[in-house]
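Good morning, and thank you for coming. Please look at the model on the screen while I take you through its parts in turn.

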Amino acid sequence: MRTPLALGIAAVVTVAAPAAAQDAVGDWAGTLQVTPEVRLPLVVHILRDDAGVVTGTMDSPSQSARGIPLGDIVLTEGKMAFTVPQVAGRYEGTWDEPAKSWKGQWSQSGMTWPLDLTGGEAVAAASAAPPASPLPADWSPPADAAIRELIAARNAPRPGQGIVVGVLEPAGRRVVSAGSGVGAAFDGTTLFEIGSISKVFTALILADMVNKGEVSLDDPAAKYLPSGHKMPERGRAITLRDLSTHRSGLPRMAEDVGVIDSREGPFVDYTAEKMLAFLDRYELTRDVGVQWEYSNLGVGLLGYLLGRAAGSDYETLLRERVTGPLGLDDTLVTLPPSHAPRLAPAFDMYMRPTSPWELDVHVGAGGIRSSAADMLEFAAAVLDPNSPIAPAVKTALSVRVPGANARTEQALGWLVIHPTPDREILIHDGGTGGYRTVIALEPPKGRAVVTLVNSAVEPSAADIGMRVLIGSPMGATPPVPPAPPPRVARTALTLPSAELERVVGRYQFPGFVVAVTFESGTVRAANETARASSNPIFPEAPLTFFWRIVDAQIRFSTDAAGKVIGAELTQAGQTLAGTRIEP
C-alpha cells in the first residue's frame, strides 16, 4: 500500500547556484542507489526568504515527481537535515569542504542509504527530465485508440502485465484494456487487488456510521478498543477523524509486521492481537493532529474499530453499507470460487510471479478486490447526489485538513488535489505486492478514470490515470530492473541475556546514529537520526544479528578485551562501518 502521489501538479523550480560553500540555501543533486540495479536521481531546493524563513522542495525527475515539500528543515554550520513528510523520509548530511558536497544518509521505511548532494552541474544533470508543463485547459479524456497506445507502451517491456483503464464521462462509460501472457483476457470484469483505494471505502463506512449516530468523528479511538488495551496519546487522544485523515501520529506500519517484500506481504499473519499489543507499548513521536503522515496502521485500526462499534466485521460492513446498496458484486474482500478465476495473475516489481496479499486486521487499509466495471459504478455513485451512498460521500468530503503540500487536502479517505486553485480532483491510489491501481474523479466535469495493473513495476497506474483524466504528462517506461538474488534464509539463535546485553549502545554511522536496546528479552535497533521506530533484531551468531522486516544485518566488533566498540551494517548490497559512542 503506497502513499498517494499528486502527479502532474508540482511547481517548476528554477535552478540556481548555491549561495556559499557551507550555506545549504541553493540547489543540490544526488543519486539514491536503492539497490545495485535501481538508481533514483534527486534534486533538493532550499530557499530562504527576506524574513529569514527557510523552505524547500525535492524533485524525483525519473518518477515525474516535482515540488515535494520538505519539513523540519535544520541548517546549522556544516550540517543540513530535513524530512519529506509525503514519503515519510528523512535526510541528514554534513558538509565536506574538499568534495564541495553534503555527505549524508537518506532514511525511509526503516531503511537507510548513503546520499551525497552536490551543486553546480550535478543539479542540471539530475534535472534533465523535462519540467511539468501547464495542464491543457480544454482537455478531454482521449479516444480509445490513444488510450490503447498508452497501455501498449507501458506493457511493452513487461511481458505478462495487463492494464485496464475505465473512463466515466457524462456521455457514458468505456473500458480499454490489453495484456499478455498467462491470464491475458483483461477486460472490465478482470479482478485486481485495489490496495489502498480500500481506505476510501473504509472512510465511507465511517461516514455512514457518523450520519446514523452510531459513532462520532471525534470519538476517541480508545473507546472502541477491547477492555485491557490502550491507545498511545500525546497532546490529546487519537480520534476516529485522525485515523481517517492520517493525522493520528501513528507510523506508516507497526514495527513488528512481516517482511515487506515477501510473496505473501507484511500483513498476512498480523492479527488483531498483535496490533493491540503494539498499540499498548507504542509511544508517539509527536502530538496528535499536528502533521499529516500516511498510515496504513491507522486506517487498518479504523476498520477494526468500526467493526467493533457495529458489533460486526469489516467485510459485512462493506457489503451492507457500500457495495450491497450499489450492486458491486465484484468488489469483495474474500473471493468466492466463482470469482477466483477472474483475479489477474500478480507480478512483483521485477515482473516475477507473486501471490495475492491477505491483510487480516489491516483489511480496511488495503484488502479489497474489484474490477474496472465495479469501480466505474462506484465512481458514478460518488458523483451522483442521489445515490445510496451520497450522504456518506457528502460527510466524507466535508472534512478537510492540510495534506502533504499546499495543493493537497485530506478528506475522510480521499486525497483532494488542486492542479490549479480553482480545480479539484479526488484521488486515491493503491499498491500491493503484485498490483498497482488508481481512481481519480473531477466532480464538476462529471468525469472519472480508473486504472488497474497486475504488476508492481513502476511507473504504473497513477500517471496513466492522471494523463487520461486531466492531461498531465506521463513518465517514461524504463526496462524492468534485474531481480536481486534470493534473500538468504536466516535462523535466530537463543543466546544468554548477558550476550545480548553486550551490544546495547548507540553507534555512529556516516550521517546517522543507530540505537540498540535490550527490552523484555529482545534486542531492538532504531535509526535514531531518522526518528524511526525500533525494530527487533535477531541473533544468528554471537555479535551477529539480522532484521526480519527488511533484508539487513548488523555485525558488532570488539577490542582485544572483548568489549564491543563498533558495528558493520549491511543493507541493499552496501556495508557501512560505525563506531560505538555510548555507553
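Let me begin with a definition: two strands pair if DSSP finds at least two bridges between them. Please also keep in mind that this is a predicted model.

With that term in hand, consider strand β5, residues 71-76, which pairs with β6 in the antiparallel sense over 4 bridges. Within this pairing, Val 74 stands opposite Ala 81 in β6. Strand β6 also pairs with strand β7, residues 89-96, again in the antiparallel sense, here over 6 bridges. Met 80 has Gly 93 of β7 as its bridge partner. How many of the 6 residues of β6 are buried? Of the residues of this strand, 79-84, 5 are buried, so β6 is largely enclosed by the rest of the structure.

Let me now step back to the whole chain. The protein chain holds 12 helices and 29 strands. It has 583 residues, of which 54% are buried. If we take the contacts with a separation of 6 or more, 58% of them are between residues 24 or more positions apart.

Next, the sheets. One is an open sheet of 8 strands with antiparallel pairing, in the order β11-β10-β21-β20-β19-β18-β17-β16. Which strands form its edges? They are β11, residues 172-179, and β16, residues 401-402, each of which pairs on one side only. At the β11 edge, strand β10, residues 162-169, pairs with β11 in the antiparallel sense over 8 bridges. There, Leu 168 of this pairing has Arg 173 in β11 as its bridge partner. A helix also packs on this sheet: α11, residues 461-470, touches β10, β18, β19, β20 and β21. The direction of α11 makes about 25° with that of β20.

Let us stay with the edge strand for one residue. Arg 174 has its place in strand β11. Is Arg 174 buried or exposed? Its relative accessible area is 19%, and buried means under 20%, so Arg 174 counts as buried. Leaving aside neighbours within four places in sequence, Arg 174 is in contact with several residues, among them Pro 141, Pro 142, Asp 144, Val 165, Glu 169 and Leu 376. Take Asp 144 as an example: Arg 174 and Asp 144 are 30 residues apart in sequence and 8.3 Å apart in space, C-alpha to C-alpha.

The other sheet I wish to show is a closed barrel of 8 strands, running β22-β23-β24-β25-β26-β27-β28-β29 with antiparallel pairing. Its neighbouring strands are turned by 30° against each other on average, direction ignored. Within the barrel, strand β25, residues 535-541, and strand β26, residues 544-547, run antiparallel and are joined by 4 bridges. Ala 541 stands opposite Thr 544 in β26.

I turn now to the helices. Helix α3, residues 198-211, packs against helix α7, residues 314-326, at an angle of about 70°, with their axes 10 Å apart. The two helices are therefore roughly perpendicular to each other. On the α3 side the contact includes Phe 201, Leu 204, Ile 205 and Asp 208, and on the α7 side Leu 317, Leu 318 and Arg 321. By class, this contact has 8 nonpolar, 2 polar and 2 charged residues.

A second pair is helix α5, residues 272-281, and helix α6, residues 296-310. Their axes come within 12 Å and cross at roughly 120°. Helices α5 and α6 are therefore oblique to each other, and their crossing is left-handed. The contact is made by Ala 272, Met 275, Leu 276, Phe 278 and Leu 279 of α5, together with Leu 297, Leu 301 and Tyr 304 of α6. How do these residues divide by class, and how many are nonpolar, polar or charged? The division is 8 nonpolar, no polar and no charged.

Finally, between these two helices there is a loop, and Ser 295 lies in it. Ser 295 is buried, with a relative accessible area of 1%. Not counting residues up to four places away in sequence, Ser 295 touches Lys 199, His 246, Leu 250, Pro 251 and Arg 252.

Thank you for your attention.

Key. Residues numbered from 1 in each chain as written. Predicted model: local features only at pLDDT ≥ 70, side-chain atom pairs only at ≥ 80, totals over all residues. Heavy atoms only, no water. Buried < 20%, exposed > 50% of the residue type's maximum accessible area, 1.4 Å probe, protein only. Axes fitted to C-alpha atoms, helices over the stretch in contact; angles between N-to-C directions. Parallel < 35°, antiparallel > 145°, perpendicular 65-115°, else oblique. Left-handed = near helix turned anticlockwise from the far one by under 90°. Contact = heavy atoms within 4.5 Å. Nonpolar A, V, L, I, M, F, W, Y, C, P; charged D, E, K, R; others polar.
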